[in-house]
Amino acid sequence: MSAAGSSHNQAAANAGPGGGLSGLIAKRPEFVTLVLLMAICIAVTIANPAFLQPSTLIDIGRASVVTGLFALGVFVILAAGGIDVSFTAIAALTMYSITLLVQKYAPDLSIVVVFAIAIAGGVFLGVVNGFLVYTLRVPSLIVTIGTQYFFRGGLLAFIGTTWIMELPGEMATFGRLSLLEFETANGAIVSLPVYFLILPVVAVLTWWIMRRTLMGRAIFSLGGNPEVTARLGYNVKIVHLFVFGYAGALAGLAGIVHITANRLANPFDLVGTEISVIAAVVLGGARITGGTGSVIGTMLGVLLVVVVDNVLVMVGIPSTWQRVFVGAFILLAAAFFVTRQRKFKPAK
């Protein structure tokens with residue numbers, strides 16, 4: 001049995017017979033995130049019924065895609081006991097470089113090929129992170145702070161700083177494709193874009209990797225206890241390369257989604273969004289120390305952060321207060337999860 005499976009069973013056992021609400025929270029910490037999200041939505045709806053309009057819900061769905069892709073990559077790394085702050089730099093480097101190359105040399109290149117190149121580029125940069133973390137034996141936070149500056153600095157110094165206002169044909173067309181369209185009361189058309197489908201597909205893939213494969217068990221085991229993981233026969237180096245490569249792949253994918261959604265390529269984009277993404281994963285029940293977390297919790301955390309970001313103005317709160325609210329949620333979540341861990345800690 002894997003260390004991850006053992007820790008999960010131990011948590012279930014510690015919840016005690018019957019379990020009740022405390023047992024449910026012990027086994028499924030994302031339940032707290034769900035309750036908090038529902039409470040916020042109810043409160044906002046009471047304060048401003050316009051929150052439930054299709055246009056608002058579609059805006060939340062659109063805003064969740066890039067953040068969600070980033071968060072799924074961060075979740076995989078956190079589950080392995082690491083942390084990554086370079087994913088936005090990877091996204092910026094891949095999206096701008098590829099857009100520039102396609103614009104100059106292959107303006108009619110298929111969007112599928114563009115996505116494939118972006119994912120491959122992200123994997124390469126992510127594997128560089130994983131290799132450095134494993135080889136240097138230093139905290140991944142230190143390594144990814146360094147690579148963040150290296151990747152972004154290389155982009156601005158050697159590739160370009162000019163906004164690309166006209167995307168190549170296939171990329172521009174993809175950004176305009178819609179799944180659903182609604183007409184608002186004032187006659188405006190609001191659409192749910194096709195690229196929204198990318199997030200649930202990637203979420204299901206991530207869930208399958210983490211819960212149904214040997215690699216997923218190795219990731220949770222590494223986050224729970226690296227020494228035990230090595231003794232169980234898992235290749236720790238391969239696990240490091242995989243988690244950072246996977247996060248890099250999702251960053252490259254998110255970068256292309258970002259520019260097709262905004263219909264321009266700005267090399268300065270995405271700076272400063274790292275904290276919100278990491279906050280979403282932590283609010284979803286993952287611990288910075290590793291070995292825990294779930295895809296469902298991560299998605300709930302993303303929705304919580306995005307909803308807070310989108311509804312503050314609707315209830316008359318300045319958007320500058322967003323970070324205050326997200327920070328408060330992180331502190332509350334940290335206090336709750338620490339208390340829960342102590343409460344259900346097995347007696348020695």
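Accessible area here is what the Shrake-Rupley method gives with a 1.4 Å probe. By that yardstick, the protein chain in this predicted model exposes about 16500 Å², and carbon and sulfur atoms supply 68% of that area. Turning from the outside to the inside, 48% of the 348 residues count as buried.

As for what the chain is built from, it holds 15 helices and 2 strands. Contacts across the sequence were also tallied. Among those with a separation of 6 or more, 77% come from residues 24 or more positions apart. Three helix pairs are described below.

Take helix 4 and helix 9 to begin with. Helix 4 spans residues 54–79 and helix 9 spans residues 198–212. Their axes sit 9 Å apart, at an angle of about 10°. Angles under 35 degrees count as roughly parallel, so helix 4 is roughly parallel to helix 9. On the helix 4 side, the contact involves Ser-64, Val-65, Gly-68, Leu-69, Leu-72, Phe-75, Val-76 and Ala-79. Helix 9 brings Ile-198, Leu-199, Val-202, Ala-203, Thr-206 and Met-210 to meet them. Sorted by type, the residues of this contact come out as 11 nonpolar and 3 polar, with no charged ones.

Helix 6 (residues 111–136) and helix 8 (residues 169–176) are arranged another way. Here the angle is about 95°, and the axes are 9 Å apart. The two helices are therefore roughly perpendicular to each other. Ile-111, Val-114 and Phe-115 of helix 6 meet Glu-170, Met-171 and Phe-174 of helix 8. That contact has 5 nonpolar residues, no polar ones and 1 charged; Glu counts as charged, so the charged residue is Glu-170 of helix 8.

Then there's the pairing of helix 13 with helix 14. Helix 13 covers residues 274–283, while helix 14 covers residues 295–311. They pack at an angle of about 130°, with 7 Å between their axes. This makes helix 13 oblique to helix 14, and the crossing of the two is right-handed. Helix 13 contributes Ser-276, Ala-280, Val-281 and Leu-283 to the contact. From helix 14 come Thr-298, Gly-301, Val-302, Leu-304 and Val-305. The tally for this contact of helix 13 with helix 14 is 6 nonpolar and 3 polar residues, and again no charged ones turn up.

Note on methods:
Residues numbered from 1 in each chain as written. Predicted model: local features only at pLDDT ≥ 70, side-chain atom pairs only at ≥ 80, totals over all residues. Heavy atoms only, no water. Axes fitted to C-alpha atoms, helices over the stretch in contact; angles between N-to-C directions. Helix = DSSP H or I, 4+ residues; strand = E, 2+ residues; numbered from the N terminus. Parallel < 35°, antiparallel > 145°, perpendicular 65-115°, else oblique. Left-handed = near helix turned anticlockwise from the far one by under 90°. Contact = heavy atoms within 4.5 Å. Buried < 20%, exposed > 50% of the residue type's maximum accessible area, 1.4 Å probe, protein only.
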